[in-house]
Amino acid sequence: MIDLHIHILPGIDDGAQSPEDALEMARIAADSGVRAMAATSHGDFSHCDPEEYLNLYDRRLMEFRRLLEEHKIPVNVYSGMELMVNRSFLRLAEQRPLPGIGGGRYLLVEFLFDTSGSLALERLKRLQRLGYQLILAHPERYEFAKRDPERLKEFYREGILLQVNRGSILGQLGRGAARTADWLLSMGLAGLVASDAHDPVLRTSDLEETARILDLYYGGNASEILLERNPAKILKSAVNTSNIWPVFL
């Protein structure tokens, strides 16, 4: 399996708070069948200097890769961020390349949970016009989507991939998020499932149970599509940049 949304780099955001936490998250992921992940630390550039933060991220990523090698944990870790889309971010997007998954053109993006659906879609279309492919993190957690899941069809029709959280599927993030996640999966609108793990105890990186639930309730190959095949295409597009535009999930 491949986990393209996990807060595993230690001491950089509200995810892993120490190297020990990060290593334990990696062990849990590997034991559950995860072979690759993208270390998607939060990226809100309205509160920091972008260059300083990106440099810090790069250092922490290299340090973490060395730790994994030293401790012989068999997980490949790719670069990436969970990018907060706001005015500051849109200005930055017009000035410099953005940190996509594996260094490619797929961006994992998020909004404040009370952002309206119309504003979210408008801003994502602006990013698409700059040439990016977009993955919307945990759409089932946004208030507009919980009130009216049908609104997410507009995002799907625009080619925006909808990434559902493990915790929503397991009922750990509230009834509204669970209902909306179930709707997305039942309608076949979800493009990815990921852990969005933050620690080794509560919001963990264990995807084994999630894979079983996907196959049990949403079709016998749901976990293969959402946890393996589609994430693999995104990573492949980052490696083979000459093929980035024709990648279809």
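## Residue A38 and its surroundings

A38 is placed in strand 2, which covers residues 36–39. The model described here is predicted. With a relative accessibility of 0%, A38 counts as buried, since the limit for that class is under 20%.

Leaving aside neighbours within four places in sequence, the contacts of A38 are D3, L4, H5, I6, Y78, S79 and I101. The C-alpha atom of A38 is separated by 8.9 Å from that of I8, a residue 30 places away along the chain.

## Nonpolar cores

I8 also appears among the residues with the most contacts inside the largest nonpolar core, together with V109, L124, L127 and F155. This core has 66 residues. Its largest share, six residues, is supplied by helix 2, residues 50–70. A second core, separate from the largest one, has 13 residues, including I2, L4, L192 and I234. In soluble globular proteins, nonpolar side chains tend to be buried together.

L124 illustrates the surroundings of one such core residue. When neighbours within four places in sequence are set aside, L124 is in contact with V85, V109, F111, L134, F155 and I160. Of these partners, V109 and F155 are themselves listed among the residues with the most contacts inside the largest core.

## The parallel sheet

Six strands form an open sheet in the order 3-5-6-7-8-9, and the pairing is parallel. Strand 3 (41–43) and strand 9 are the edge strands, each pairing on one side only. On average, and with direction ignored, neighbouring strands of this sheet are turned by 35° against each other. Helix 2 lies across strand 3 and strand 5 (81–84), and runs at about 170° to strand 3.

Which residue of strand 7 is the bridge partner of V109? The partner is L136. Strand 6 (residues 106–110) and strand 7 run parallel and are joined by four bridges. Strand 7 (residues 133–137) is in turn joined to strand 8 by three bridges, again in parallel. Here L136 stands opposite L162 of strand 8. Three bridges also join strand 8 to strand 9 (residues 192–194), and these two strands run parallel. In that pairing, Q163 has L192 of strand 9 as its bridge partner; L192 is also one of the residues of the second core.

## Strand 8

Why is strand 8 described as largely enclosed by the rest of the structure? Five of the five residues of this strand, residues 161–165, are buried, so the description follows. L161, Q163 and N165 point one way from strand 8, whereas L162 and V164 point the other way. The residues on both sides are buried, including the polar side chains of Q163 and N165.

## Helix 8

Helix 8 (residues 175–187) has 13 residues. The distance from its first C-alpha to its last is 18 Å, close to the 18 Å expected at 1.5 Å a residue. Its buried residues are G176, A177, T180, A181, W183, L184 and L185. An α-helix has 3.6 residues a turn, so residues three or four places apart point the same way. After helix 8 comes G188, whose phi is positive, near 75°.

## Salt bridges

How many salt bridges does a search of the whole structure find? The search finds 11. One of them joins the side chains of R96 and E51, at 2.6 Å from N to O. This pair links distant parts of the chain, 45 residues apart: R96 is in the loop between helix 3 (87–93) and strand 6, and E51 is in helix 2. R96 counts as partly exposed at 24% relative accessibility, and E51 is likewise partly exposed at 40%.

The side chains of R203 and D196 meet in a salt bridge of 2.9 Å, N to O. R203 is partly exposed, with 26% relative accessibility, whereas D196 is buried at 2%. A further salt bridge, of 3.2 Å from N to O, is formed by the side chains of E224 and R229. E224 counts as partly exposed at 36% relative accessibility, and R229 is partly exposed with a relative accessible area of 36%.

Terms used
Residues numbered from 1 in each chain as written. Predicted model: local features only at pLDDT ≥ 70, side-chain atom pairs only at ≥ 80, totals over all residues. Heavy atoms only, no water. Core = buried A, V, L, I, M, F, W, Y, C linked by side-chain atoms within 4.5 Å. Buried < 20%, exposed > 50% of the residue type's maximum accessible area, 1.4 Å probe, protein only. Contact = heavy atoms within 4.5 Å. Pairing = 2+ DSSP bridges. Axes fitted to C-alpha atoms, helices over the stretch in contact; angles between N-to-C directions. Salt bridge = Lys/Arg side-chain N within 4 Å of Asp/Glu carboxyl O. Expected span 1.5 Å × (residues − 1).
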